[in-house]
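Subject: Structure handover

Hello,

Here is the structure we talked about. Please open it and keep it beside this message while you read.

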Amino acid sequence: MPPSRVGSRRSMQQDRTRTILSIAGGTCICLGLAWTFCYLYFGRGDLSLVFVGLIAVGIFALHRVPRSDATSLLIVANGIFLVVCVIALIDAPVAWVPRSAHLFLLPLAAGAASTFEARQRYGSLFFPLACLAMFSAFAIGALDPLAPGVSPPLEVRAWGARLNTAFSMALLVLIFAIYRNDIGRRLRLERELARAVRKGEFEVHYQPQLLGNGAITGAEALVRWRHPSGTLLSPDAFIPVAEDSALICDLGLEVLRQGCETLNEWSRAPATRGLKLAVNVSPVQLLDEEFLAAASALIRASGINHGLLELELTESALSADPALLASRMIAFERMGVTWALDDFGTGYSSLSTLRALPVRKLKIDRRFVDEAVKQESARRLLGKIVEISHVMGMDALAEGVETVEQRDLLVGLGCTHFQGYLFARPMTSAAFRQWLAEYRPSQQMADALEEATG
Ligand code: C2E
Ligand code: CA
Ligand code: CA
C-alpha cells in the first residue's frame with residue numbers, strides 16, 4: 001500500500017504567529033533605521049542607541065520566523081514594549097508637537113491579545129493590559145518628569161509625530177484585518193469539522209512502539225482527516241480548532257471507537273493478539289462532564305481487553321485542574337485502562353503532581369531526543385528524565401527517534417521503549433498489519449541493547 005500523503009497545512013496558530021513576527025520584524029527594522037539615521041544626523045548618537053535596540057528586536061523577530069512559536073513572540077513583544085516605552089519617554093511633548101511614540105503600544109496590545117491563546121494568560125491578558133496602562137500613563141503625561149528633555153528640531157519632531165501616528169494606526173488596522181480574516185477561517189474550519197465528524201471523514205493511523213530488543217509492544221493511534229478534496233490532513237491542522245469548539249469530544253470518541261475496533265481485530269490474529277494501543281485524549285475531553293461515562297460505555301461495549309488500551313494525556317494539560325484530571329484518570333485506571341503522560345518535559349508538572357497520577361509510562365518529547373545527540377547538557381537531562389521514570393516505577397518511551405545515533409544513545413541511557421520514523425511512520429490499519437508481517441527486528445537493535453546493559 002502506498003504511503004498516504006499527509007497535508008502540510010500547519011496550524012493556524014503558527015501561521016498567525018509567523019505573520020505577526022514578520023510584520024513586527026519589518027516594522028521595527030524600518031522605523032529603527034529611519035530614526036537612528038535621523039538622530040545621528042542631528043548629532044544625537046546617544047539617543048540613536050535606543051533605535052538600534054529597536055532594530056535588534058526586529059532582526060530577532062525575523063530570525064525567529066521559521067520557529068514561529070509562542071516563546072519567540074513573547075520575547076519580541078516584551079522587547080518592543082521596552083523599547084517603545086523608552087522612546088515614548090524621550091518623545092515627551094514639546095511646544096506644539098505632541099507625543100506620538102506611545103501610539104505603538106495600541107497595535108502591540110491588540111496584536112498580543114489576538115495572537116496569544118486565552119490559556120496563555122500573560123500574553124493574551126496581562127501583557128495587553130500593561131501596554132494599555134503605559135499608553136494611558138504616556139497620554140496623560142504621568143511620566144513626563146522622567147523625560148531626558150532632549151530632542152531633534154521641532155520640525156523633525158512634527159514630521160515624526162505625523163509619521164508615527166499614520167504608521168501605528170495602519171498597523172492597528174492591519175492587525176484587525178488579520179484578526180477578522182482569522183476568525184472567518186476559523187469559523188469555516190469549525191463548520192467543515194462539524195460536517196466531517198457527522199460524515200465520518202476521520203481515519204486513524206497507527207505508529208508502532210517497540211522495545212530495545214526490537215519487539216513490538218503496540219502502536220499509537222493518530223487521527224487524520226480525509227478531506228473531500230482528497231488531501232489527508234494532519235491533526236495539527238484541525239485538533240486545536242476542534243479543542244476550542246468542543247468538537248474534540250465527538251472526534252475523540254470516534255478515534256476511541258476506531259481504536260477499539262482495531263484492538264478487536266488484533267485480538268483475532270496471533271501476530272497482533274497482545275499488542276497495546278495508545279489513544280490520545282485531549283484535556284478538553286477529559287475535563288468534559290460526559291466524557292468519562294461515554295468513553296467507558298464505549299470501551300465496555302467494544303469487548304476489548306481493557307488492559308491493552310492505553311490513554312495518553314499531554315503533560316501540559318496537568319496545569320488546568322490537576323485534582324479533577326487525576327480523579328477522572330483514576331476512574332479509567334479502575335477499569336483496567338492504563339495512562340501514559342505525553343510530551344513529558346514540556347509541561348513543567350511537579351514531581352508531586354506526577355506521583356499522584358495513575359501514570360504508567362512517560363513519553364519523552366521528541367525535542368529532548370533531538371537535542372541530546374547535539375549537546376552534552378541535553379544528553380545529561382535526557383538521562384535524568386529516564387532516571388525519574390525508573391525511580392517512579394514508570395516506563396520511559398522516547399518519541400520521535402529518527403536516527404540510529406539517537407536510538408543507541410537512548411538505549412545507553414536506559415530508555416526501554418521507542419517510537420519514531422527510524423522504525424516506522426504512522427500508517428493505515430491495513431498497512432500496519434502488512435508491515436508487522438514483514439517486520440524483522442534488526443540484529444543491530446538487539447546488539448545495541450546487549451552492549452548498553454553489559
Ligand atoms: P503526539 O501525540 O506527540 O504524536 C506524535 C507525533 O509525532 C505524530 O504526529 C507523529 O506522526 C509524529 N512523529 C512520530 N515519530 C516521529 C519522528 O521520528 N519524527 C518526527 N518529526 N515526527 C514523528 P501527528 O500524527 O501529526 O500528530 C500530531 C499531534 O496531534 C499528536 O502529537 C497529538 O498531540 C495530536 N493528535 C493526533 N491524534 C490525536 C487524537 O486522536 N486525539 C487528540 N486529542 N490528539 C491527537
Ligand atoms: Ca501522543
Ligand atoms: Ca508526544
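Start with T17. Leaving aside neighbours within four places in sequence, T17 is in contact with S68, D69, L73 and T115. T17 lies in helix α1, residues 12-41. Is T17 buried or exposed? T17 is buried, because its relative accessibility is 2% and the cut-off for buried is under 20%. One caution before you go on: this is a predicted model.

One partner of T17 leads to the next stop. T17 touches T115, and T115 is among the buried residues of α4.

**Helix α4 and its neighbours**

Helix α4 covers residues 105-115. How many of its 11 residues are buried? Nine are, so the helix is largely enclosed by the rest of the structure. The buried ones are L105, P107, L108, A109, A110, G111, A112, S114 and T115.

Two helices packed against α4 deserve a look. Take α6 first, residues 154-199. The axes of α4 and α6 are 8 Å apart, at an angle of about 15°. Angles under 35 degrees count as roughly parallel, so α4 and α6 are roughly parallel to each other. The crossing of α4 past α6 is left-handed. On the α4 side, the contact is made by L106, P107, A110, G111 and S114. On the α6 side, they meet S168, M169, L171, L172, I175 and Y179. Which classes of residue make up this contact? Eight are nonpolar, three are polar and none is charged.

Now turn to α5, residues 121-139. Its axis is 8 Å from that of α4, and the angle is about 170°. Angles over 145 degrees count as roughly antiparallel, so that is how α4 and α5 run relative to each other. From α4, the residues in this contact are L105, L106, L108, A109, A112 and A113. They meet G123, S124, F127, P128, C131, L132, M134, F135 and F138 in α5. By class, the contact with α5 has 13 nonpolar residues, two polar ones and no charged ones.

Note L106. L106 appears in the contact with α6, and L106 also appears in the contact with α5.

**The calcium ions**

Next, find ligand 2, a calcium ion. Which residues are its protein donors? They are E220, N280, E312 and D342, lying 2.1 to 2.3 Å from the ion. Along the chain, these donors follow the spacing E-x59-N-x31-E-x29-D. Two of them show how distant parts of the chain are linked: E220 sits in strand β3 (residues 216-226) and E312 in strand β6 (residues 309-314), 92 residues apart. E220 is buried, with a relative accessible area of 4%. E312 is buried too, at 1% relative accessibility.

Ligand 3 is also a calcium ion. Its protein donors come from D342, D343 and E399, at 2.2 to 2.5 Å. E399 is listed with two OE donors. The spacing here is D-D-x55-E. D343 lies in strand β7 (residues 338-344), and E399 in the loop between β9 (395-398) and α15 (404-412). The pair therefore ties together parts that are 56 residues apart in sequence. D343 counts as partly exposed, at 22% relative accessibility. E399 is buried, with a relative accessible area of 11%.

How far apart are the two calcium ions? They are 4.1 Å apart, and D342 coordinates both.

**Two more residues to find**

V279 is in strand β5, residues 276-280. V279 counts as buried, at 2% relative accessibility. Its contacts are A221, V255, L256, L309, E310, L311 and E312, not counting residues up to four places away in sequence. You have met E312 already, as a donor of ligand 2. V279 and G259 are 20 residues apart in sequence, and their C-alpha atoms are 7.2 Å apart in space.

Finish with M329, in helix α11, residues 322-334. M329 is buried, with a relative accessible area of 0%. M329 touches L286, L313, W339, L357, P358 and V359, again not counting residues up to four places away in sequence. Then look across to T27: the C-alpha atoms of M329 and T27 are separated by 48 Å. Along the chain, the two are 302 residues apart.

Best wishes

Methods: Residues numbered from 1 in each chain as written. Chains lettered and ligands numbered in written order. Predicted model: local features only at pLDDT ≥ 70, side-chain atom pairs only at ≥ 80, totals over all residues. Heavy atoms only, no water. Donors = N, O, S within 2.8 Å, 3.2 Å for Na, K, Ca; no water. Helix = DSSP H or I, 4+ residues; strand = E, 2+ residues; numbered from the N terminus. Buried < 20%, exposed > 50% of the residue type's maximum accessible area, 1.4 Å probe, protein only. Axes fitted to C-alpha atoms, helices over the stretch in contact; angles between N-to-C directions. Parallel < 35°, antiparallel > 145°, perpendicular 65-115°, else oblique. Left-handed = near helix turned anticlockwise from the far one by under 90°. Contact = heavy atoms within 4.5 Å. Nonpolar A, V, L, I, M, F, W, Y, C, P; charged D, E, K, R; others polar.
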